[in-house]
Amino acid sequence: MGPVDEANNPKVKGKSKEQASSNSQNTSRQKRRKLNSTKSHRASKSKAKKLEKLSTTVQVTDNTHKKNTEEAEMTMTEVVPPKCHLGRVPVEVLEMILSYTASPRDILALARCSQYYCNVLVNPSFSRIWISARQRALPKPIPDPTPNFTEPAYAAFLFDSGECEICKKKVTTMYDSFTLKLRLCSSKCRKDWLREHAYARATKPGFAEDRYLHLQLPRLETINKVLFTASPTSHIVRRRAWQEAVDEYNKAVQEKDSTVYKEKRELSKARNALMLELGESLSSWRNEFATKLAAVDRLTKSTLETVVLREGWNEWDVLRSSAYQELRRAKHNCLQPVTKSDIESIRPELERHIIKLNERSERREAEEKAVKKQQAIEKYWNRLHSVKNPRQALPALSEFRKFLIFEHLEEEDITIISKPIKRELERWREKAREGLARVLGFPGWKSASKNKVHPVDRLTARFVCTRCGLSKAAAKDGKDNGLSYQMACEHRCAHLTTKQEAKEVFNAEHFARDEKAILAVQQVLAQLGVTDDNPTSKTLVAKPELLVLCKSCPSTIFMDFETMLRHCKRHDEVAFQTIDTLVAETLSSHAFVPGLKTKLMETSDSAREQRQRIVYGCRHCQQKKPAAEDPSIAAPAAPQPEPEPQPEATGDLSMDTEQEQQPHQPAGDLSMDTEQQQPAGDLSMDSEQQEGPASEAVPETEPMQTDRNPSDDREKVKQGRRAKKEAKMFSFDGLRSHVKTKHGILWIGDEDFFKEDKQD
């Protein structure tokens with residue numbers, strides 16, 4: 001037999017179809033199983049993750065695994081409050097328990113504890129519990145209520161708290177008047193109520209209707225000892241109720257319908273009679289209760305004094321204890337004194353409270369002692385800081401407080417240990433001097449000569465803080481003079497908080513050289529012919545006739561030495577020249593006044609008035625340099641007068657030279673090395689030639705011009721108008737705005753303006 005052709009055999013085809021269908025069913029079942037397994041796997045994973053989140057709130061260790069798993073299970077279950085088994089107590093047993101209470105106040109408090117007790121005790125069928133409690137009340141049974149009261153409502157009427165009608169404060173005592181339902185907190189409020197809200201009429205009214213109106217209104221009890229020490233001689237009602245009653249009576253008279261009004265009045269009369277009788281009896285009971293309470297309070301006080309004296313406690317500490325306050329309140333509500341056995345029952349709580357108070361008082365005493373110590377240290381530091389001649393370097397106050405000698409200081413008078421403090425200060429100063437000298441480039445500086453100044457005491461000892469640049473407050477006020485040695489020792493960065501400043505320790509590495517200020521000082525000292533290590537250098541720069549001219553400013557600006565230390569920060573290139581006051585007078589008719597800006601910036605009324613005066617001028621506008629000195633300005637050809645003998649004007653513009661200048665031009669020769677005559681406007685530092693456009697505009701060999709040019713006359717007129725415009729005066733605030741806007745100077749200084757002396 002040959003091979004069977006499965007493709008063409010119908011039986012084989014049928015079998016193959018059945019196999020294919022079964023295979024497809026199997027594959028679909030497998031897919032469903034895989035999907036179900038993946039879903040169940042994902043669900044189990046999500047459950048596991050949730051359990052992990054719950055159980056991993058605290059890191060599980062081998063020793064605490066069981067504890068943490070129990071906590072995780074507790075978080076998964078809801079927290080159910082414990083059941084109150086007192087609700088299962090039979091009413092008869094509850095009645096027997098409450099029979100030991102001495103006031104309806106306790107039953108009222110129990111009724112407000114839970115819904116169960118409220119439903120039981122408020123039920124009218126259990127009113128006998130309230131009645132028996134009233135009858136056991138001290139010092140005598142409480143009077144029976146009127147028919148409009150239930151027993152729970154009557155207890156709330158007696159013992160509940162409320163607000164004062166005058167000042168709205170909470171009052172925990174009973175009513176001052178049960179008939180008027182009046183509650184007041186103090187004698188002041190009682191006087192105010194009687195004066196503003198009460199209406200009193202004589203017991204024998206002037207007309208007949210007064211008697212009926214008084215009878216139908218609630219009035220004050222006659223034996224009320226809260227508002228009166230004796231019985232009042234008049235009927236006191238609420239003023240508003242009296243006015244309403246009078247208005248109702250007048251309305252009834254006008255309408256001539258007195259039947260309804262009389263019936264209403266009779267009902268009010270009967271009701272008020274019952275309330276007045278109840279109010280009188282309750283007032284009598286309250287007066288006896290107050291008398292008994294005062295006697296109980298005296299017994300409690302004597303018992304407490306005995307216990308406190310025996311135990312050595314502080315009476316005020318015991319009175320502030322919450323345990324004693326609760327005991328005293330519970331006892332006094334029942335008119336029972338606090339006994340020694342009662343105090344013994346709360347003895348552990350009292351001892352814990354007293355120990356806590358003693359520890360607190362000890363901490364307070366230690367803090368007060370530390371504060372006094374710090375105040376004494378600050379006072380001593382201020383006294384050292386106020387010494388000016390001679391003024392030695394001091395650390396900052398926070399650094400001064402860290403001295404080891406202050407750690408064991410107990411006396412407030414620090415002058416007793418002044419010598420050890422001085423030795424500690426000397427050690428600190430020596431360390432600071434070595435560190436700052438290293439910053440200036442003199443590590444380990446020593447000298448055998450007594451005529452050489454220490455590097456930190458020289459004029460070139462100028463520093464800048466590397467963390468804040470300088471004090472932000474000084475930069476804001478325009479006082480960026482840099483830091484001297486003394487200022488660096490006391491410097492504290494402005495961005496530090498109080499806690500950070502207390503932890504700050506002085507470190508010389510936080511400072512760097514103030515290069516601009518040092519270069520400016522070196523230029524001045526070189527022109528004076530002294531070195532920075534010369535002891536006489538400080539005396540020379542402190543002379544009042546010495547001024548410094550800034551060569552970097554576009555205008556002729558001069559100032560003193562201290563102002564120069566701040567002014568040099570305005571320029572990238574520092575260039576200064578020394579002049580005297582005589583030369584300054586030739587440059588400007590207004591002298592330099594140091595400290596003028598500080599006086600004007602004060603907050604006093606006189607300083608405010610001075611700032612508003614329009615007497616301040618801008619030196620940058622009125623003291624411009626001539627064209628020969630400013631290369632940015634082209635000097636026009638000036639007309640030359642006829643040849644005639646020129647008078648000589650000696651203008652010593654240097655500390656070492658004598659030069660001649662033309663009288664019709666401003667003095668400008670500031671040469672240090674020349675002795676020759678030069679044209680006006682030549683501010684050259686060279687000795688034998690002229691620089692800049694001035695030499696080109698007016699050559700020495702050019703003949704004098706005698707012909708007048710009309711264009712030159714027009715130029716003179718323009719220059720005169722420009723000079724008048726530039727001579728504009730300002731108020732000080734306006735001048736600050738002008739200098740900032742036109743000249744780009746953010747913080748004005750004494751060198752930027754002058755004050756015109758005008759008599760008002």
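**Entry 1: salt bridges**

For this entry I took a salt bridge to be a side-chain nitrogen of Lys or Arg within 4 Å of a carboxyl oxygen of Asp or Glu. I kept in mind throughout that I was looking at a predicted model. Glutamate 165 and arginine 238 fit that description, since their closest N and O atoms are 2.9 Å apart. The pair links distant parts of the chain, with glutamate 165 in the loop between β1 (162-163) and β2 and arginine 238 in strand β4 (residues 234-238), 73 residues apart. I noted both partners as partly exposed, glutamate 165 at 29% relative accessibility and arginine 238 at 22%.

I then looked up how many salt bridges the structure holds, and the count is 33. Another of these joins the side chains of glutamate 95 and arginine 128, at 3.1 Å from N to O. Here helix α3 (residues 91-98) carries glutamate 95 and helix α6 carries arginine 128, and the two residues are 33 apart along the chain. Glutamate 95 has a relative accessible area of 25% and is partly exposed, and arginine 128, at 42%, is also partly exposed.

My next pair was arginine 347 with glutamate 311, whose side chains meet in a salt bridge of 2.7 Å, N to O. Because arginine 347 lies in helix α15 and glutamate 311 in helix α11 (residues 258-311), this pair ties together parts that are 36 residues apart in sequence. I wrote down glutamate 311 as partly exposed, at 27% relative accessibility. The pair belongs to one network of salt bridges with shared partners, which joins Arg310, Glu311, Glu344, Arg347 and Glu351.

**Entry 2: charge along α15**

I turned to the surface and found a patch of negative charge where Glu359, Glu362, Glu365, Glu367 and Glu368 gather. Glutamate 365 is part of helix α15 (residues 347-385) and is exposed, because its relative accessible area of 55% is over the 50% cut-off. I also found a patch of positive charge on the surface, formed by Lys356, Arg360, Arg363 and Arg364. Lysine 356 is likewise found in helix α15, and at 52% relative accessibility it counts as exposed.

**Entry 3: the nonpolar core**

Which residues of the largest nonpolar core touch the most other members? I found that this core has 33 residues, and that Phe400, Phe406, Ile414, Leu436, Phe463 and Phe511 have the most such contacts. At least two core residues come from each of α15, α16 (397-400), α17 (418-440), β5 (463-465) and α19 (485-490), and α17 gives the most, with 7 residues. I also looked up lysine 379, which sits in helix α15 and is exposed at a relative accessible area of 64%. Its C-alpha atom is separated by 9.3 Å from that of isoleucine 414, although the two residues are 35 apart along the chain.

**Entry 4: backbone geometry**

I reminded myself that most residues other than glycine have a negative phi, and that most peptide bonds are trans. The peptide bond from leucine 138 to proline 139 is cis, with omega near 5°, and proline 139 lies in the loop between α6 (127-135) and α7 (151-159). Lysine 181 has a positive phi, near 50°, in the loop between β2 (170-171) and α8 (187-196). Leucine 335 has a positive phi too, near 55°, in the loop between α13 (322-333) and α14 (340-345). Are these two residues buried or exposed? I found lysine 181 partly exposed at 47% relative accessibility, whereas leucine 335 is buried at 5%.

Methods: Residues numbered from 1 in each chain as written. Predicted model: local features only at pLDDT ≥ 70, side-chain atom pairs only at ≥ 80, totals over all residues. Heavy atoms only, no water. Patch = residues over 30% accessible without salt bridge, like charges linked within 9 Å, V, L, I, M, F, W, Y side chains within 5 Å. Areas by Shrake-Rupley, 256 points an atom, 1.4 Å probe, with all protein chains shown as cover. Lys, Arg positive; Asp, Glu negative; His and termini not counted. Charge placed at Lys NZ, Arg CZ, Asp CG, Glu CD. Helix = DSSP H or I, 4+ residues; strand = E, 2+ residues; numbered from the N terminus. Buried < 20%, exposed > 50% of the residue type's maximum accessible area, 1.4 Å probe, protein only. Core = buried A, V, L, I, M, F, W, Y, C linked by side-chain atoms within 4.5 Å.
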